[in-house]
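Me: Hi! I've got a two-chain complex open here and would like to go through it with you. Could you take a look?

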Amino acid sequence: MMSEWSFEVKKARMSIRRFIRSINPVKLHYLENCVSCAACASACPYYPIEERYSPVNKAEELRKIYRKELTIAGKIAGNLFHAYEIRNENDVKRILEFAYRCSNCSRCYTMCPFGIDSGAMIVDIRGILLNIGYAPSLLRFLSDLDMRGELPESILKLWEETLSKVKGIIDTESIVERKGSDIIYIPSLIELVFYPEVIVDTISLLSKLNLKWTIPSKPMGLGMGMFIGDFSSVKTSMKKLNNYIKRLEIKEILLSDGGYLYPMLRFSLPEIVNEDVKYMITHIVEVLYDRLSMLDFITTEEKITWHSPCQLGRKGGVTREPLEILMKISSNFRRLPHDGLEAICCGGGGGMALLTREKYDHFRKLGLGFEVSEEEMLFMRDTEEAYKLSIREKMRDIERSGAEIVITSCPFCMMTLELGSKLYGPSIKVIHFSSYLINVIK
Amino acid sequence: MPYDLLIDLYSLAIYNVFPLSLTIFIAGSTYRLFRYLRFWRRGPRPHFRNRGILGRIKGLALTFIEPLIDALKYNKLDLVFGLTFLHVLGLIPLIFLFSHHIVFFEYIFPPYSLLWPLAIPLSPNQAYITEAYYLRPLVRGIDTSSIWGPLTILLNADFLTVLSMAGVTFKIGDKIVKKMKGIQHIRIGDFAALILLFLILLFGFLAAHHLPSNDVVTYRAILGTHILLAEALLAILPFTKFWHFMFGYWYGKLHEWYDLRVKRGAE
């Protein structure tokens, strides 16, 4: 599959109209109540690279479109009021650069004196670009994969291999889609591809907890359209998931992925599928926290810390729980200088961690068929460079804490922190929460 | 300038333009609020994370306080000039508590007189609100000394005006620098709003001190211009970035609190 980027005015107009139809009061507030104070700037991991990558400056692209479409002044005297259409390929390329300099971490949301979530606006910008025909091939490929729901053989094989590693611990055949289970553990596709050991460790943890749980018969790519603002893909995959869970009569979905998937399922699912959701969504951190008094740990003096993934912490609300668990385990727990709602983003969220040559090659090795145009290669080169630079602030924060082991729960954070350690130091071990816990639970 | 026109500028501001600008303000505000209702749609809600009532109250306070802490850490200059000088110490007390303004607001809306005990005098060496007192023909027998005591050294209109003008000047300078760097979110409207503020402050200062000359004609012209500019601000308020003071700030932070602290339970 080759996605050539080419601009058409008609597509741009249709794409913008689609965005306008999606406006609700919260989006309206984001669009019209910014005073350009730029208080959000220092929140963004991409801002230290270039001043124009501040959230307010990137989100201005969407405001320009909004003014042109929905304000009287913008319609009458566009240029004077900074109201513009997307007119040509140059406009698209400028917007594309801004759109993929954001990890959608929402730190700008809490730092903004007006509560404006510029990251959410960037997702809308990505959606507009996608509908014009511009999106990174890999992210588009994943979104399409999700929409179709048909996974390639190589991924299914990987799933089988991963499950075969837990055969000594559980009877995988009897656990798959087991009727009457309270909980279903759904690993993410990104975890399966990059960190299959996290799935093994989470299954091992679950087997220790005496729960009635199950796993799906095949892996699921869920909501990956969010990386490129592909809301149709997100809606389709969420509806499939919802029907699947209702059919199994499950009470709780359990995730080990603390990335975008957690807040999407936990807080946006009812809106996406447009119905009340009766079952709960929990993360493995919450499951262990709820059973903390029953658990017995091998205590340690290791210098550990918790990197709060923006999606699980700031946008998921799971801020206090991992700290309390880890402090119980290590007497040498080092809290990061910026944590919880204040946590510095590593820069890898919003699909940014996948926009590197290495990750593209990784997917290609799995036999996933997509090709990249020369134009996109240039975009990729600059994007990868920016992504690598965006990690620096986080690594400084970790260095200041003195931690030697960084525990987290988002695959994008894991790959980004590992890369950051190689590029800038300090030398740290990055490990998933489940993988750390399985070794310290008695 | 002809004598009659200068006299009229003041009368025009008080008796003719004010009802007009107030009408535009009310109509504009209604329009802005109506748009929110127009886009509102009801949908199913997720399970909220329960952090308890105390957690939510604490979260509400932190939602408003944390951007200030962040500004202290990352944007010190903007915190000093933009927030402190321009907003907290400057415009807010100046607009709402300066004794001359209380006289005017009380004339339009009598219950505003409740704020008299908090009134701020014109200058530091005039801890008594005498000048304003003589302007208040409708209310008698009040204590005209400032409640602020020694704080009057800071809390006086002269000083606060200087702080506000320093704040506005800083903001204009900051935006010029950013514009020169090619930062696209700086717009003409930003400059227009700040220049309007600066002019209101300047003419207010001149009027309060009977500058540039002490004759009635000039005084009425300068004061008339000050009031006319303030009325222009009132009229454009719902259509410009000034709207943040009326609505954007409050809606934005309350929504953020609801979204992050109440719904998601982040701490």
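Reply: Happy to! One pair to begin with is A:E60 and B:R187, which form a salt bridge with their closest N and O atoms 4.0 Å apart. The term stands for a side-chain nitrogen of Lys or Arg within 4 Å of a carboxyl oxygen of Asp or Glu.

Me: Before we go on, what should I know about the model and the numbering?

Reply: It is a predicted model, where local features need pLDDT of at least 70 and side-chain atom pairs count only at pLDDT 80 or more, while totals for chains, interfaces and linings use all residues. Residues are numbered from 1 along each chain as its sequence is written, chains are lettered from A and ligands numbered from 1 in the order in which they are written, and side-chain values use heavy atoms, with hydrogens and water left out.

Me: Cool. How many salt bridges are there across the interface of chain B and chain A?

Reply: The rule finds nine there, and over all chains the count comes to 37. Another pair to look at is B:K181 with A:E51, at 2.9 Å from N to O. B:K181 sits in the loop between α6 and α7 of chain B, and A:E51 in the loop between α2 (25–32) and α3 (55–70) of chain A, so this pair joins two chains. Helices here are DSSP runs of H or I with at least four residues, strands are runs of E with at least two, and both are numbered from the N terminus.

Me: And how many residue pairs are in polar contact across that interface?

Reply: There are 30 such pairs, both residues being at pLDDT 80 or more. A polar contact is a pair of N or O atoms within 3.5 Å; within protein, one must be able to donate a hydrogen and the other to accept it, and residues adjacent in sequence count only if both atoms are side-chain atoms. On the chain B side, the elements giving two or more residues are α1 (3–39), α2 (52–74), α6 (157–180), α7 (188–208) and α9 (243–263). Of these, α9(B) gives the most, with 14 residues.

Me: What area is buried between the two chains?

Reply: About 4900 Å², of which carbon and sulfur atoms give 49%. That is the accessible area (1.4 Å probe) the two parts lose on being put together, summed over both. In terms of contact (heavy atoms within 4.5 Å), 50 residues of chain B touch 69 residues of chain A.

Me: Switching topic: what is the strand order in the open sheet of chain A?

Reply: The four strands run β2-β1-β3-β4, with parallel pairing. Two strands pair if DSSP finds at least two bridges between them. β2 (213–214) and β4 (280–283) are at the edges with a single partner strand each, so one side of each has no neighbour in the sheet.

Me: Which residue does A:L254 stand opposite in β4(A)?

Reply: A:T282. From β3(A) the chain crosses through helix α14 (residues 261–273) to β4(A), and the β-α-β crossover is right-handed. Right-handed means that, with the strands pointing away from the viewer, the path from the first strand over the helix to the second runs clockwise.

Me: Last one: where is A:P426?

Reply: In the loop between α20 and β7 of chain A. The peptide bond leading to A:P426 from A:G425 is cis, with omega near 0°. Chain B has a cis bond from B:L211 to B:P212, with omega near 5°.
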